[in-house]
Number of protein chains: 2
Amino acid sequence: MKFLHTGDWHIGKKIKGYALLEEQEDAFQQVLAISEKHAVDAVVIAGDLYDRSVPSVEAIELFNEMIQTINLKKQLPLLAVSGNHDSAVRLEAGGPWYQATHFHLNTRLSQAFQPVIIEKTQFFLLPYFEPFEARQYFNDDTIKTIQIAMERVVEEMTKSFLPDYQQVLVAHFFAAGSERSDSETSVTVGGLDNVSVSLLEDHFDYVALGHLHNRHALKNETVKYSGTLLKYSLSEVNQTKGVWIVTMEDGQVSVAFESIQPLRDVSIVEGSFSELLSPEVYQQVNRDDYIGIRLTDREVIPNVMNQLSSVYPKIIQLERVNGREHQTVSNMSQEELQQQDPLTLFTKFFEEMTDGPMSQVQADYLLATIQSANKEEN
Amino acid sequence: MKFLHTGDWHIGKKIKGYALLEEQEDAFQQVLAISEKHAVDAVVIAGDLYDRSVPSVEAIELFNEMIQTINLKKQLPLLAVSGNHDSAVRLEAGGPWYQATHFHLNTRLSQAFQPVIIEKTQFFLLPYFEPFEARQYFNDDTIKTIQIAMERVVEEMTKSFLPDYQQVLVAHFFAAGSERSDSETSVTVGGLDNVSVSLLEDHFDYVALGHLHNRHALKNETVKYSGTLLKYSLSEVNQTKGVWIVTMEDGQVSVAFESIQPLRDVSIVEGSFSELLSPEVYQQVNRDDYIGIRLTDREVIPNVMNQLSSVYPKIIQLERVNGREHQTVSNMSQEELQQQDPLTLFTKFFEEMTDGPMSQVQADYLLATIQSANKEEN
């Protein structure tokens, strides 16, 4: 049997206020086309279906359309788990009804031990969970970390393993040794959230992971992150996004990658202010992308953001790669900071943040505010 | 055939901060028992399933349990529409899957014209909608009011009427001539939201309405509001809540009422402060109720709310039925108000709102704030 492994759709995701619904809809159509091209037997989504626990109405509409298309229109089995960005309860509303058409959406730990069987493969669908849920489920207070929890979870799952069947785990967590991107939410700090890869590869023929945005976050043949549907931060700018096509055959597993071409890409443009505004440069750039600008100039440029936006309408970051001429607030020492008067300090901070000087109106307002605050103190 | 007509569940409703989930769960169990006692063929919920468009996780959990119990566990057909308190999109997530088990949840006007047929009865499930949706659906800009929209909607529905069948409309709106309660949300003002009862009774054998909280809001034999599951405001204190059992037989309709006993009631206690605190009085009262207190005293009583709460833990209103000794802010004339200094005015307002005098700390803080504000003005 053959299935498509995707995850981290983050439907409703915004980058710096730009909603990506159109890009997500387009990427979904590509996922659908890939699933048809390979005639897969199932689509697996490894968590973070939505970007927020309370998604917008627009995000819900798009997601509803997606699951209806896959499962009702294309009649493909759909196996999914909730991720740390999803609200398990909000997501599970239709859960018991979905199963009739082979849409299995697990949102609770307790659902993970009853595998879904397709041909000769058992799929264990493990939603994102916290150690306290495992403590409750196993009635064992010694379960303090996800690693300990996963040892128990895997042990429990193996009890249902059928001989002559292959086993796939679908899960959403941080596997030890993975590389992170900027746009992921760190679930817990201090290593408590790590699950060792050996535990996974020892027991399952394939592990379809979600959580990390880079499909190469783990260097492993059979334990894989799908990566996100699209680039969701500038740190992912050099990643090719897509899905895995996993083939389970005669006890063997093979994995192939299919890429997704974004409707609008996330990219970085670097140069001096004058270069960036010159047609020779910007005509080489896909200006409809979500663009991070790396400015090489060091001097203050009045109104820089407005000027750049007139050429690059969707700027998601503006970085000064060579630093600035003037000393900025953020790299002053504690001592230096204390020696500055509030007016100077705030003015520097304002210029650093907006990349331009204050207008006279703004400066007057700041002065009046500081004077009024001083008056109240006295 | 026989069905149970309920509505306005408002799952997740709070009265003055008190969540009613336990009371709602209890009332639901009674609805279930009534449906079994009468061996109904279907349960009809006429909108406002939830109290808010974005319900809490707890409300969603309770509602999910309810619909699963009715439709999956008890295997009863469930016919429901969204009301003005519901988010159509959030509610409809599982919609296409629900239908396989005869759970019909309509959230869009366009779904209302395909009736659900049970035995010899056609149910038209019309969700709450706004005139603009009817303008779009019928592609007719002249539809400015719900009455005009409903004329078109009913006309459209009659095209699907089958001879020898009876027709039931399930809907959620304000029918002309109904009486309102305090806890309803007025959908629009100025009469634009009225639907004439004659339009309804002329075309349907029974109209199962939701929206108004009083089941007697309309005096009509076959066009009825179910009323809420529970009393949701003090204005409903004298209403008996429950459900209608509607029997459709040989072209005839008969309606019977079944009451619901609240786990905790909403009630009013009236008396002087000393009476209310005397055991002879409060031992006659079910003090676990949500209580509106009608205080007969006219004088200022320090710390009145705290003292009453020690006896009546769930006070949802405190009213001075005989007015007060002191002139209050709210009944001063514009001229009188202008003559008061801010300190006096705010002190009166504070005492009126909290039903007690200011503490010294509060009075000091008020004075300092007023002085500081005056300083800034000068």
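How much area do chain A and chain B bury between them? In this predicted model, the answer is about 2100 Å², and 62% of that area is on carbon and sulfur atoms. Interface size is often quoted this way, as the accessible area lost when the parts come together. Three residues stand out on the chain A side: A:V89, A:R90 and A:W97 supply 34% of the area that chain A buries against chain B, more than any other three residues. Counted by contacts, 26 residues of chain A meet 26 residues of chain B.

As for specific pairings, the rule for polar contacts picks out six residue pairs across the interface of chain A and chain B, with both partners at pLDDT 80 or more. Several elements of chain A give two or more residues to the side that touches chain B, namely α2, α3 (88-91), α4 (95-98) and α13 (360-377). Of these, α2(A) gives the most, with eight residues. Sorted by residue type, the side of chain A that touches chain B holds 12 nonpolar, nine polar and five charged residues.

Salt bridges are quickly dealt with, since the count between chain A and chain B is one. That salt bridge pairs B:R108 with A:E61, and the closest N and O atoms are 4.0 Å apart.

Stepping back to the layout of chain A, the domain assignment splits the chain into domain 1 (2-259), domain 2 (265-325) and domain 3 (333-378). Between domain 1 and domain 3 of chain A, the C-alpha centres are 48 Å apart.

Two spots in the backbone also deserve a look. Most residues other than glycine have a negative phi. A:Q75 goes the other way, with a positive phi near 55°. A:Q75 sits in the loop of chain A that runs between α2 (57-73) and β5 (78-81). Is A:Q75 buried or exposed? Its relative accessibility is 66%, so A:Q75 counts as exposed.

Chain B has a case of its own in B:D250, a residue other than glycine whose phi is positive, near 45°. Where does B:D250 lie? The loop between β14 (242-249) and β15 (252-259) of chain B is the place. B:D250 counts as exposed because its relative accessibility comes to 74%.

Methods: Residues numbered from 1 in each chain as written. Chains lettered and ligands numbered in written order. Predicted model: local features only at pLDDT ≥ 70, side-chain atom pairs only at ≥ 80, totals over all residues. Heavy atoms only, no water. Helix = DSSP H or I, 4+ residues; strand = E, 2+ residues; numbered from the N terminus. Buried < 20%, exposed > 50% of the residue type's maximum accessible area, 1.4 Å probe, protein only. Contact = heavy atoms within 4.5 Å. Buried area = accessible area lost by both parts, 1.4 Å probe. Salt bridge = Lys/Arg side-chain N within 4 Å of Asp/Glu carboxyl O. Polar contact = N/O pair within 3.5 Å; in protein donor to acceptor, adjacent residues only side chain to side chain. Nonpolar A, V, L, I, M, F, W, Y, C, P; charged D, E, K, R; others polar. Domains from an automatic or database assignment.
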